[in-house]
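Student: I am new to this structure and would like to be guided through its main features. May we proceed by question and answer?

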Amino acid sequence: MKKHLCKFSFLAVALLMAFVSQAQSGFSSKVIGVGVVVSDLERSLDFYLNGIGMVKTGSFDLNEEFTKRSGLTGGVPASVTVLKLEDSPAATEWKLMSFGKKATHPKQRFIQDDVGMQYITLHVKALKPAIERLRQRNVAFLGSTPTPLNGDLQFLLVQDPDGNFIELIGPME
């Protein structure tokens with residue numbers, strides 16, 4: 001009886017593991033690519049590359065035919081600049097594009113002021129270099145930040161040139 005119970009338990013665990021792994025295997029990549037439409041591409045590139053510290057890993061163009069057929073822009077061509085936290089296939093893509101237009105909604109002061117994606121969180125090895133780069137670009141720090149979290153971690157909140165909130169979390173040095 002114990003032998004059958006053991007076999008049954010093993011089979012149940014194996015089936016459960018197969019189910020769990022299937023539930024998580026619907027994606028061909030663990031990377032999320034985030035597309036961000038910005039009003040001024042050069043200003044945003046300076047903020048993300050030289051202020052935040054991202055790296056440019058590529059770019060590509062989308063022609064009128066593709067953007068219309070895909071439903072992305074209704075036929076307006078677009079150029080996309082791909083940024084990452086590091087040049088690695090496993091790093092999330094932060095894809096910037098601009099159509100040369102200002103936002104049609106007011107700039108948010110707080111994350112609850114609008115709906116949709118409001119902020120990203122970046123974990124850094126040291127906050128001090130990012131603070132120095134952002135101060136050189138006259139980027140305003142929001143609230144009373146940097147502010148202590150727990151242990152050695154600090155929290156810094158800024159907004160990119162179009163008002164997207166960026167949380168930076170890490171030790172000061």
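Student: In which loop is Asn138 found?

Tutor: The model is a predicted one. In this model, Asn138 belongs to the loop that lies between H4 and E6. Helix H4 covers 127-136 and strand E6 covers 147-148. The loop asked for is therefore the one between H4 and E6.

Student: What is the phi of Asn138?

Tutor: Most residues other than glycine have a negative phi. Asn138 is not a glycine, and yet its phi is positive, at about 55°.

Student: Is Asn138 buried or exposed?

Tutor: A residue is called exposed when its relative accessible area is over 50%. Asn138 has a relative accessibility of 70%, so the residue counts as exposed.

Student: Is the peptide bond from Thr145 to Pro146 cis or trans?

Tutor: Most peptide bonds are trans. Pro146 is placed in the loop between helix H4 and strand E6. The omega of the bond from Thr145 to Pro146 is near 5°, and the bond is cis.

Student: What is the strand order of the open sheet of four strands?

Tutor: Strands of a sheet pair through backbone hydrogen bonds, either parallel or antiparallel. The pairing in this open sheet is mixed. Its edge strands, each pairing on one side only, are E1 (33-38) and E2 (55-62). From one strand to the next, the twist averages 25°. The order is E1-E4-E3-E2.

Student: Which residue in E3 is the bridge partner of Leu62?

Tutor: Strand E3 spans residues 78-84 and runs antiparallel to E2, with seven bridges joining the two. In E3, the partner of Leu62 is Ala78.

Student: At what angle does helix H2 run to E4?

Tutor: Helix H2 consists of residues 41-52 and lies across E1, E2, E3 and E4. Strand E4 covers 93-98. The angle between H2 and E4 is about 160°.

Student: How is the aromatic pair of Phe47 and Tyr48 classed?

Tutor: The count of aromatic pairs comes to two. In the pair of Phe47 and Tyr48, the ring centres are 4.9 Å apart and the planes meet at 85°. Planes over 60 degrees apart count as edge-to-face, so the class follows from the angle. The pair is edge-to-face.

Student: Are Phe47 and Tyr48 buried or exposed?

Tutor: Buried means under 20% relative accessible area. Phe47 has a relative accessibility of 4%, and Tyr48 has a relative accessible area of 0%. Phe47 therefore counts as buried, and Tyr48 is likewise buried.

Student: Which residues are linked into a cluster by ring pairs?

Tutor: Phe47 and Tyr48 form one aromatic pair. The cluster linked by ring pairs consists of Phe47, Tyr48 and Trp94.

Terms used
Residues numbered from 1 in each chain as written. Predicted model: local features only at pLDDT ≥ 70, side-chain atom pairs only at ≥ 80, totals over all residues. Heavy atoms only, no water. Pairing = 2+ DSSP bridges. Axes fitted to C-alpha atoms, helices over the stretch in contact; angles between N-to-C directions. Contact = heavy atoms within 4.5 Å. Buried < 20%, exposed > 50% of the residue type's maximum accessible area, 1.4 Å probe, protein only. Phe/Tyr/Trp six-rings, centres within 6.5 Å; stacked < 30°, edge-to-face > 60°.
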